[in-house]
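Biologist: I should like to learn how to read a structure of this kind, feature by feature. May we look at it together?

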Amino acid sequence: MPEALLRLAPFLVGPARRGVVGSSRYARTLRDAVHRAAADPAHGPVLLSGEPGLEKDNLAALIHRGSSHRRRLMVRLDGALLRADGSDLFGVAGSGGHGALLEALGDGALLIDQLDRVDPALLPALLQLARDGSWQAPGEPPPQDQATASHHFAGRVFFTAESALPAFDRVCSRIRVPALRVRRQDLGEWLRYLLRQQSRHLGWPVAPAVGAEVVRRLQTHDFPGNIRELKQLVERALRQLPVPSAATAGERQPPLLPEEVFWLAPRQPRLRFDLWRWKPSLRGRMRSPRFWNALLFGLVSWVFVLVNIWLWAGPQDRAHNGGLVFFWAWWWPLILISYPLVGRLWCSFCPFMVWGEIAQRLSRAVGWRPAAWPHGDTDAWAAPCLAAGFAAILLWEELSGMENVARLSSSLLLVITAGAVICSVLFEKRFWCRYLCPVGGMNGLFAKLSVVELRAQAGVCAGSCSSYACFKGGPAEGEGLATAGCPLGTHPAHLTDNRNCVLCLTCVQACPHRSVQLSVRPPAADLQRDMRPPAGEAGLILVLAGGVCLHVWQRLLGGLPLAPASLQEGPLLPRLAFAAVALALPSALFLLARLVAALRSSVPAPGLRLALYGLLPLLWALLLARHLPLGMAEAGLVLPVSFQAPLPAWSADPHVIAFCQSVVVLVGAAGSLLLLRRLLTPGRLSLWGGWLAALLLATSGRWLVAVG
């Protein structure tokens, strides 16, 4: 007996690792099939079939351990490794069966894993073993019939396979194991189970929880690797977090896992050109912390202070204050022009968050520790707040004539900076920048149109990285530098669009594996038919469109009764009412379109939201066309306005400005038509409706933003 155990030891199967997790009908059906196979009095052969990664071997062990033969041994052999003659299973000729693994196993259970990868020459012998239990060593003469068979296996046979084997289907009880993608209802239970299991394995005092929004997002993934892939996903998520303290175990609610730690392999990118592979030296220069620290804290922070002093202490009108010209004629047009080129790069050296980071460092120096982000579905409440904040800024701008009042323009900058400072003191990293900053929200929206993207190679990160310093920060490792991690709390392999990437290159500094790539890509590559935009982002699109209407409110609403002569003069209430109506016009049209679509059942609500994203290029063009007259007419007047002297100046002719506006709107309309074709289902009424809406908006928008 000891010799038999030594022979079997490398192949022994322990207790089942887990039962059937889940409460969906697929899980219940699978659980019933396992119970029936375990209760089978004949202990007939079982074939478990299904995709890779479904733990079919665990289900075989579950059946065996639930049967009346649970105390018998069970061994597992990899079918892909079995010899074609079966000698490692049946022994060799002349031994009389002695030394064969089946002989040592006796009446135990045999599991042949990956039956579909067994050498075809061995399949008939395995089929015979499954049919009646008879077997013979290679080279032995075949028996005349079952009664004269020299060897008989008294135990039970299990097989697993990923493809169909009709011959075995006829002699085995077949159990089809459903893929994880058809059991999306079970994903939440699987996540919670694996989190508890992995937390115990890591020695954590408490298992973290997972939010409903994370489960919903993961349910959109097909999980080609099934449970194996999900286990790797959970393990990778936990290793990106700090170890919970013992005090956390006593809390009533377990800590909630942030969505950012669950990153999946993105769609296979197409038409990408890696800039750093083309120019490797460029990567070294761009990731230099000395460069970024000098730019942020040595230049931007103090330029911001000087500009605000200029706005407060200097003349208050744009004709005499160069700082006001710089703010409205340079900054706004240039930031709009930058979106299709470099996305959200402005946010990487934004002065609002520079002073937010300074405040955060000072608060840490005096012993204050910012709280962790309120993880969960933050966009559900933050996105409406952001849209409302942007709407308030637009109303303030138009009602006060902010473009021509220096102190009001400075007040706007200081209010946004105050929000950044307060959020930086209360929460870690750049919570304000990611969720609540009005300018950052607009930047993140239009960054989806950019031709540049920063992404990590998910395969390299999953296979080589264990520190995840690019996400959570950490000490230097290899060529990786010590950093505090991504300021927006996002792993570069988790990014599905440019919304949460400010191109600060912190991840590039931290990565020791050169996984992060800076690539050029086709415009608007983030916008796809299967994308899942964050909650409330469509509201910001409507607010931005409302800003265009608000700026030209007189052309739209000036002929109505009680319309004021100007939004800057007269009683506040009528001015505010007309401004609010103009701002709400796109939202009202969108709600009307939803109502008509619901009544006609022609276009579902998701289709209308996708149509809004399809109009982003046109909206960008209208905003740029609105700011071009100021930029092209006054940007070249900074020197003479600042010094009130006959210094060199430049100003474009109104006809040139009008031509540039037309070109910009034409480019935006063409981009929207192409994007709508990508986003909306071809041949549907929604596609033709989207195209018609884009053409009408382009025509009316060009009229609205026309010079003069």
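Modeller: Let us begin with the lining of the largest cavity in this predicted model. Its residues divide into 17 nonpolar, 2 polar and 2 charged.

Biologist: How is empty space found, and what is the volume of the largest cavity?

Modeller: Rolling a probe the size of a water molecule over the atoms shows where empty space is left. In this structure, the volume of the largest cavity is about 220 Å³. It is lined by 21 residues, and those closest to its centre are Trp332, Phe390, Leu394, Glu397 and Met442.

Biologist: Which elements give two or more residues to the lining of the largest cavity?

Modeller: They are helix 15 (322-342), helix 17 (379-400), helix 18 (406-426), helix 20 (438-446), helix 24 (537-551) and helix 28 (616-634). Helix 15 supplies the largest share of this lining, with 5 residues.

Biologist: How many cavities of 30 Å³ or more does a search of the whole structure find?

Modeller: The search finds 10 such cavities. The second largest has a volume of about 140 Å³. Its lining consists of 15 residues, with Leu386, Gly441, Arg499, Glu537 and Leu540 nearest the centre. Helix 17, helix 19 (431-436), helix 20 and helix 24 each give two or more residues to this lining, and the largest share, 4 residues, comes from helix 17.

Biologist: How do the residues of the lining of the second largest cavity divide into nonpolar, polar and charged?

Modeller: There are 6 nonpolar, 4 polar and 5 charged residues in that lining. In the largest cavity, as stated above, the division is 17 nonpolar, 2 polar and 2 charged.

Biologist: A pocket must be read in another way, I suppose. How much space lies in the second largest pocket?

Modeller: A cavity is a space from which the probe cannot get out, whereas a pocket is open. The second largest pocket holds about 1500 Å³ of space. Its lining comprises 46 residues, and Glu428, Lys429, Phe471, Lys472 and Ala484 lie nearest its centre. Two or more lining residues come from each of strand 9 (256-257), helix 14 (289-313), helix 16 (351-365), helix 22 (469-472) and helix 23 (506-510). By type, the lining has 24 nonpolar, 12 polar and 10 charged residues.

Biologist: Which helix gives the largest share of the lining of the second largest pocket?

Modeller: Helix 14 does, with 5 residues.

Biologist: How should I read helix 14 itself, and how far apart are its end C-alpha atoms?

Modeller: One may compare an expected span with the model. At 1.5 Å a residue, the 25 residues of helix 14 should span 36 Å, and the end C-alpha atoms are 35 Å apart, which agrees. Helix 14 also has a kink of about 30 degrees, centred on Val300.

Biologist: Which residues of helix 14 are buried?

Modeller: The general idea concerns the helical turn. An α-helix has 3.6 residues a turn, so residues three or four places apart point the same way. In helix 14, the buried residues are Trp292, Leu296, Phe297, Val300, Ser301, Phe304, Val307, Asn308 and Leu311. Val300, the centre of the kink, is thus among the buried residues.

Biologist: Let us turn to strands. In what order do the 3 strands of the open sheet lie?

Modeller: To read a sheet, one follows the pairing from strand to strand. Here the order is 10-12-11, and the pairing is antiparallel. Strand 10 (273-274) and strand 11 (452-456) are the edge strands, each pairing on one side only. Strand 10 pairs with strand 12 (residues 516-520) over 2 bridges, and Phe273 stands opposite Val520 in strand 12.

Biologist: The loops remain. Where is Gly376 found, and is it buried or partly exposed?

Modeller: Gly376 belongs to the loop between helix 16 and helix 17. With a relative accessible area of 30%, Gly376 is partly exposed. The C-alpha atoms of Gly376 and Glu213 are separated by 6.9 Å, although these residues are 163 residues apart along the chain.

Biologist: Which value does phi of His43 take, and where is the place of Gln114?

Modeller: Phi of His43 is near 50 degrees, a positive value in a residue other than glycine. His43 lies in the loop between helix 2 (25-39) and strand 1 (46-49), and counts as buried at 16% relative accessibility. Gln114 lies in the loop between strand 3 (109-113) and helix 6 (123-132). Phi of Gln114 is near 55 degrees, again a positive value in a residue other than glycine, and Gln114 counts as buried at 17% relative accessibility.

Methods. Residues are numbered from 1 along each chain as its sequence is written. This is a predicted model: local features need pLDDT of at least 70, side-chain atom pairs count only at pLDDT 80 or more; totals for chains, interfaces and linings use all residues. Side-chain values use heavy atoms; hydrogens and water are left out. On a 1 Å grid over the protein atoms alone, a cavity is a set of points where a 1.4 Å probe fits but cannot get out, and a pocket is an open set with protein on both sides within 12 Å along at least five of seven lines; lining residues have an atom within 4 Å of a point. Grid points are joined across faces, edges and corners, and a volume is the space filled by probe spheres set on the points. Ala, Val, Leu, Ile, Met, Phe, Trp, Tyr, Cys and Pro count as nonpolar, Asp, Glu, Lys and Arg as charged, and the others, Gly among them, as polar. Two strands pair if DSSP finds at least two bridges between them. The expected span of a helix is 1.5 Å times one less than its number of residues. The bend at a residue is the angle between axes fitted to the seven residues ending there and the seven starting there. Buried means under 20% relative accessible area, exposed over 50%, partly exposed in between (1.4 Å probe, protein chains only).
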